[in-house]
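Here are some short exercises to work through with the model open on your screen. Try each task yourself before you read the solution.

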Amino acid sequence: MTRTRPTMLLLMTVFGAAAGWFLETALVASGRAAFIPPVTLAAALALIGIIVVVLAWPVFRVVRGTAKTRVDPFYATRAVVLAKASSLTGALLGGGAVAVLVFLLTRSVIPPVSSLALAIATVVAALVLLVGGLIAEKMCTLPPSDDDPTQLPASQDHV
C-alpha cells in the first residue's frame with residue numbers, strides 16, 4: 001500500500017466542498033433549513049482521530065524497535081488501512097464542513113453564532129481526523145532496509 005498522496009487529499013477536499021455546497025444550496029432552494037452539523041459530529045471526528053493514533057502506537061513501537069514483543073501483522077494492516085481511511089475521510093468531511101461554513105457566511109441574513117461555532121468545530125474536528133490519520137500512517141511506515149539492494153531509497157513500505 002502506498003502513502004496517502006496530497007493530491008488525493010486535495011481531490012477529496014474539493015469533492016467534499018462541492019458536495020456540501022450543493023447540499024446546502026439544494027436544501028435552501030427547496031425551502032428547507034440549511035444543514036448545520038451537530039456537535040456530536042465534531043466530537044466523534046476528533047475522538048476517532050485520536051483513537052487512530054492510539055491504535056497505531058503498538059505498530060510504531062515495533063517499527064522503532066522499542067517493543068519487546070512482535071505485533072500481529074493483521075493488526076498492523078488494519079491499523080494502516082484505518083489510518084489511510086481516516087485521512088481521506090477527514091479531507092472529505094473537512095471540505096464539506098468548510099462549504100457549510102462558507103455558505104452560512106455568504107447569506108444575506110446573519111446566521112446565529114451557534115451555527116457558525118458548530119460549523120467551525122466540525123472543520124477543526126475534521127482536521128484532527130485528517131492529521132491523526134496521516135500521523136498514524138507515518139507511524140506504521142517501515143524504514144528503508146539497508147541490506148535490500150532492490151529497494152529504492154525513496155520508497156516507503158507499510159507494515
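Helices here are DSSP runs (H or I, at least four residues), numbered from the N terminus. The model is a predicted one, so local features need pLDDT of at least 70 and side-chain atom pairs count only at pLDDT 80 or more, while totals for chains, interfaces and linings use all residues. Residues are numbered from 1 along each chain as its sequence is written, and side-chain values use heavy atoms, with hydrogens and water left out.

**Exercise 1. Find the aromatic pairs and describe each one.**

Step 1: get the rule straight. Rings of Phe, Tyr and Trp (its six-membered ring) pair if their centres lie within 6.5 Å; planes under 30 degrees apart are stacked, over 60 edge-to-face, and the rest tilted. That rule gives 2 aromatic pairs.

Step 2: take tryptophan 21 and phenylalanine 103. Their centres are 5.3 Å apart with 75 degrees between the planes, which makes the pair edge-to-face. Tryptophan 21 belongs to helix α1 and phenylalanine 103 to helix α3, so this pair ties together parts that are 82 residues apart in sequence.

Step 3: check how open each partner is. The scale runs from buried (under 20% relative accessible area) through partly exposed (in between) to exposed (over 50%), using a 1.4 Å probe and protein chains only. Tryptophan 21 counts as partly exposed because its relative accessibility is 34%, whereas phenylalanine 103, at 3%, counts as buried.

Step 4: move on to tryptophan 57 and phenylalanine 60. This pair is tilted, at 5.4 Å centre to centre and 45 degrees between the planes. The two residues sit 3 apart in helix α2, so about one helical turn separates them. Tryptophan 57 is partly exposed at 41%, and phenylalanine 60 is partly exposed at 23%.

**Exercise 2. Which ring has the charged end of arginine 107 sitting over it?**

Step 1: apply the test. A charge sits over a ring if NZ of Lys or CZ of Arg is within 6 Å of the ring centre and within 35 degrees of the ring normal.

Step 2: read off the result. The ring is that of phenylalanine 103, with the charged end of arginine 107 at 4.0 Å from its centre.

**Exercise 3. Describe the largest pocket and what lines it.**

Step 1: pin down the term. On a 1 Å grid over the protein atoms alone, a pocket is an open set of points where a 1.4 Å probe fits, with protein on both sides within 12 Å along at least five of seven lines; lining residues have an atom within 4 Å of a point.

Step 2: size it up. The largest pocket holds about 190 Å³ of space, where volume means the space filled by probe spheres set on the points, and points are joined across faces, edges and corners.

Step 3: look at the lining. It has 14 residues, with Phe35, Leu93, Gly96, Ala97 and Val100 nearest the centre of the pocket. Two or more lining residues come from each of α1 (6–29), α2 (39–64) and α3 (73–105). The top contributor is α3, with 5 residues.

Step 4: sort by chemistry. Ala, Val, Leu, Ile, Met, Phe, Trp, Tyr, Cys and Pro count as nonpolar, Asp, Glu, Lys and Arg as charged, and the others, Gly among them, as polar. On that basis the lining has 10 nonpolar residues, 4 polar and no charged.

**Exercise 4. Valine 52 or valine 62: which is buried and which is partly exposed?**

Step 1: place them. Valine 52 lies in helix α2, and helix α2 also holds valine 62.

Step 2: compare accessibility. Valine 52 is buried at 2%, while valine 62 is partly exposed at 32%.

Step 3: list contacts (heavy atoms within 4.5 Å), not counting residues up to four places away in sequence. Valine 52 touches Leu82, Ala83, Ser86, Gly132, Gly133 and Ala136. Valine 62 touches Ala67, Thr69, Arg70 and Val71.

**Exercise 5. Which residues does serine 115 contact beyond four places in sequence?**

Step 1: serine 115 sits in helix α4 (residues 113–139) and is buried, at 10%.

Step 2: its contacts are Ile36 and Leu104. Serine 115 and isoleucine 36 are 79 residues apart along the chain, yet their C-alpha atoms are separated by 6.3 Å.

Key: Contact = heavy atoms within 4.5 Å.
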